[in-house]
Amino acid sequence: MPITVHQFACLDDNYGYLVKDDATGLAAAIDTPDAEAVLRAVKETGWKLAYIFNTHWHADHAGGNAAVKAATGCEIIGPPEVTRIAPLDRPVKEGDEVKLGETLFRVIDTGGHTLGHISYYDGADHVAFVGDTLFALGCGRMFEGTAEQMWGSLSKLAALPDDTTVYCAHEYTAANARFALSVDQAPALKARADQVFAARERGEWTVPTTIGVEKATNPFLRAPVLRPDLAPAQAFGALRAAKDNFKG
Ligand code: ZN
Ligand code: FE
């Protein structure tokens with residue numbers, strides 16, 4: 001049986017997600033960017049919130065853990081680093097399987113934005129929740145990790161099936177598109193950037209995306225193509241540094 005995802009915008013540019021296992025009706029919140037917004041979504045959907053699945057410790061991802069747990073009694077699952085700012089009931093790591101009713105999520109270590117950042121992959125439904133690792137046309141800043149670590153993490157996500165639906169945690173796509181166009185002239189990117197700018201003008205969301213679309217157009221996944229003069233991790237690192245300094 002499949003899952004149903006309820007997406008909502010919160011804070012300045014975050015997306016929050018509730019995911020429901022259709023067989024059992026049990027639901028999980030992917031991160032807690034804003035406790036009030038998460039609890040409003042629980043109320044609106046009428047779903048039974050059994051878990052929080054955290055991706056990393058930043059306040060716009062784990063900051064609502066305590067309040068959401070207090071209101072729902074849910075169990076908090078995530079990487080050990082979450083305890084830097086918030087409660088955590090069950091630490092998980094690369095290779096662990098997290099159960100939501102009858103749905104299994106594989107934990108993928110996607111460190112680099114933070115050292116312990118993880119993603120959750122439902123291999124039966126081809127759905128991935130990737131936090132601040134991979135964005136539509138972009139990737140997370142390396143606050144704690146190295147270019148090698150972040151490139152390794154992005155490569156793991158790129159190895160998922162092309163039709164994997166990718167739920168990232170921020171609406172950064174228009175800014176990402178402006179940078180992408182400055183380093184890549186590929187027709188597929190130009191076409192997508194046009195769609196992104198038009199969608200944002202209409203106030204529409206550009207998330208979720210898919211692994212196939214990102215492999216074709218995301219400059220960070222295309223780093224080895226864009227910088228064939230460098231080893232892949234170095235090519236990625238050079239693009240990430242350029243993005244950090246980009247004034248679009
Ligand atoms: Zn973050
Ligand atoms: Fe974030």
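**Exercise 1.** Which residues is F53 in contact with, leaving aside its neighbours within four places in sequence?

*Solution.* Keep in mind that this is a predicted model. Start by counting a contact as heavy atoms within 4.5 Å. Next, set aside the residues within four places of F53 in sequence; what remains is A28, A29, I30, D31, I77, V98, L100, F105 and Y120.

**Exercise 2.** Place F53 in the nonpolar interior of the chain, and find what else is there.

*Solution.* Begin with the largest nonpolar core, which has 46 residues. F53 is among those with the most contacts inside this core, together with Y120, F129 and F236. Then ask which element gives the most to it: helix 4, residues 147-158, supplies six residues. Finally, look beyond this core, and you will find a second, separate one of 20 residues, including C10, I52, C74 and L88.

**Exercise 3.** Decide whether the radius of gyration of the chain agrees with a compact globule or departs from it.

*Solution.* For 248 residues, the globule rule gives a value near 18 Å. The chain has 17 Å, so the two agree. As a companion figure, the C-alpha trace spans about 50 × 35 × 35 Å along its principal axes.

**Exercise 4.** Describe the fold and its surface in a few numbers.

*Solution.* First, count the elements: nine helices and 14 strands. Second, take the contacts with a separation of 6 or more; residues 24 or more positions apart account for 60% of them. Third, turn to burial, where 52% of the 248 residues count as buried. Last, the accessible surface comes to about 10,200 Å², with 54% belonging to carbon and sulfur atoms.

Notes. Residues are numbered from 1 along each chain as its sequence is written. Chains are lettered from A and ligands numbered from 1 in the order in which they are written. This is a predicted model: local features need pLDDT of at least 70, side-chain atom pairs count only at pLDDT 80 or more; totals for chains, interfaces and linings use all residues. Side-chain values use heavy atoms; hydrogens and water are left out. Helices (H or I, at least four residues) and strands (E, at least two) are DSSP runs, numbered from the N terminus. The radius of gyration is taken over C-alpha atoms; the globule rule is 2.2 Å times the number of residues to the power 0.38. Buried means under 20% relative accessible area, exposed over 50%, partly exposed in between (1.4 Å probe, protein chains only). Accessible areas come from the Shrake-Rupley method with a 1.4 Å probe; for residues, only the protein chains shown count as cover. A nonpolar core is a set of buried Ala, Val, Leu, Ile, Met, Phe, Trp, Tyr and Cys residues joined through side-chain atoms within 4.5 Å.
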